[in-house]
Amino acid sequence: MAAAPQQANWMPVPQETIPGCPPGLEYLTQIDQLLVHQQVELLEAFTGFETENKYKVKNTLGQQVYFAAEDSNCLMRQCCGPVRSFNMRILDNNQREVIHIERPLRCSNWCCFCCLQKIEVQSPPGTVVGYVEQDCSFIYPWFTIKDASGDAVLRIKGPCCTCKFCNVEFEVLSADGTQPVGKITKQWSGLAKEYFTDADNFGVQFPMDLDVKMKAVTLAATFLIDFMFFEDSGNNDRR
């Protein structure tokens, strides 16, 4: 079981009680942008042995808001690579799990309905607050962010192609897909880091007044995008 690092500049806990807000999501009421930094795993960088991903989630002041840790099977990581199933545990500064993400194993054939990617988001763990579902599409990748009832709240449109060696933007749009309301940006991390590791940095932007549960689901979408488009299948891909 992964634990959040003890030494970190954490964002102060909001003191205001917010009706209907899942415990631990109070931070998100004060935020319209998050920075997601994947930690470099030296064992993976030098040997190609796929390890569990870990991320620090920060606000624009550099204060850590959450720590995210993948929980997956070792054999699944080596054999299935970026399409592997996983649970993602997102912890606050008290090492309390406040968001839980579940991704089932599905192949990456994007044009087949049974292979479209989907994650379930819970907050607190055990209580579903929403889903991120890949849409069947051509040229541009599309995703739908849904609430716990399965109703569409937001959509995400990706670029026609992705490149590790530049910034890559995924637009966050209104439910009908017409109005931009935010974006998820995979940020260029420098030649050495991009070439020798698959540790990525992301910026996540959403409306300040967006429901905190949907902010949590949008954050979860960032991890799915990382695995689908930027996670290498092994060290051979970086040679």
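The following questions and answers concern a predicted model of a protein chain.

Me: How many helices and strands does the protein chain have, and what share of its residues counts as buried?
Reply: The secondary structure of the protein chain consists of four helices and 12 strands. Of its 239 residues, the share that counts as buried is 49%.

Me: Which helix gives the most residues to the largest nonpolar core?
Reply: The largest nonpolar core holds 47 residues, and Leu34, Tyr66, Met88, Ile90, Ile156, Ile184 and Phe223 touch the most other members. The greatest contribution to this core, 12 residues, comes from residues 212-230, which form helix α4. In soluble globular proteins, nonpolar side chains tend to be buried together. The helix asked for is α4.

Me: Which residue of helix α4, beside Thr218, Ala221 and Thr222, does Ile184 touch?
Reply: Leaving aside residues up to four places away in sequence, Ile184 has contacts that include Ile156, Val168, Phe170, Phe202 and Val204. Helix α4 spans residues 212-230, and the contacts of Ile184 also include Thr218, Ala221, Thr222 and Ile225. The remaining residue is therefore Ile225.

Me: Where does Phe138 lie, and is Phe138 buried or exposed?
Reply: Phe138 is located in the loop between β7 (128-134) and β8 (142-147). Together with Ile139 and Tyr140, Phe138 forms a nonpolar surface patch with about 360 Å² of accessible area. Because its relative accessibility is 59%, Phe138 counts as exposed.

Me: What is the phi of Ile139, and what is the relative accessible area of this residue?
Reply: Ile139 is found in the loop between β7 and β8. Most residues other than glycine have a negative phi, and most peptide bonds are trans. Phi of Ile139 is a positive value, near 70 degrees. Ile139 is exposed, with a relative accessible area of 66%.

Me: Which backbone nitrogen does the side chain of Asp92 reach?
Reply: Asp92 is found in the loop between β4 (86-91) and β5 (97-103). Asp92 is buried, because its relative accessible area is 0%. At 2.9 Å, its side chain reaches the backbone nitrogen of Asn94.

Me: Which residues does the cis peptide bond join, and what is its omega?
Reply: Pro124 is found in the loop between β6 (118-122) and β7. The bond in question joins Pro124 to Ser123. Its omega is about -5 degrees.

Me: Which residue is linked with Glu70 and Arg84 in a network of salt bridges?
Reply: Side chains of opposite charge can pair when their charged atoms come close. Arg84 forms a salt bridge with Glu70, and the closest N and O atoms are 2.7 Å apart. This pair links distant parts of the chain, with Arg84 in the loop between α2 (74-80) and β4 and Glu70 in strand β3. Both Arg84 and Glu70 are buried, and the residue linked with them in the network is Glu231.

Me: Is Asp135, the salt-bridge partner of Arg155, buried or partly exposed?
Reply: In the salt bridge between Arg155 and Asp135, the closest N and O atoms are 2.7 Å apart. Arg155 belongs to strand β9, whereas Asp135 lies in the loop between β7 and β8, 20 residues apart. Arg155 counts as partly exposed, because its relative accessibility is 21%. At 16% relative accessibility, which is under the 20% limit, Asp135 counts as buried.

Definitions and conventions. Residues numbered from 1 in each chain as written. Predicted model: local features only at pLDDT ≥ 70, side-chain atom pairs only at ≥ 80, totals over all residues. Heavy atoms only, no water. Patch = residues over 30% accessible without salt bridge, like charges linked within 9 Å, V, L, I, M, F, W, Y side chains within 5 Å. Areas by Shrake-Rupley, 256 points an atom, 1.4 Å probe, with all protein chains shown as cover. Salt bridge = Lys/Arg side-chain N within 4 Å of Asp/Glu carboxyl O. Helix = DSSP H or I, 4+ residues; strand = E, 2+ residues; numbered from the N terminus. Buried < 20%, exposed > 50% of the residue type's maximum accessible area, 1.4 Å probe, protein only. Core = buried A, V, L, I, M, F, W, Y, C linked by side-chain atoms within 4.5 Å. Contact = heavy atoms within 4.5 Å. Polar contact = N/O pair within 3.5 Å; in protein donor to acceptor, adjacent residues only side chain to side chain.
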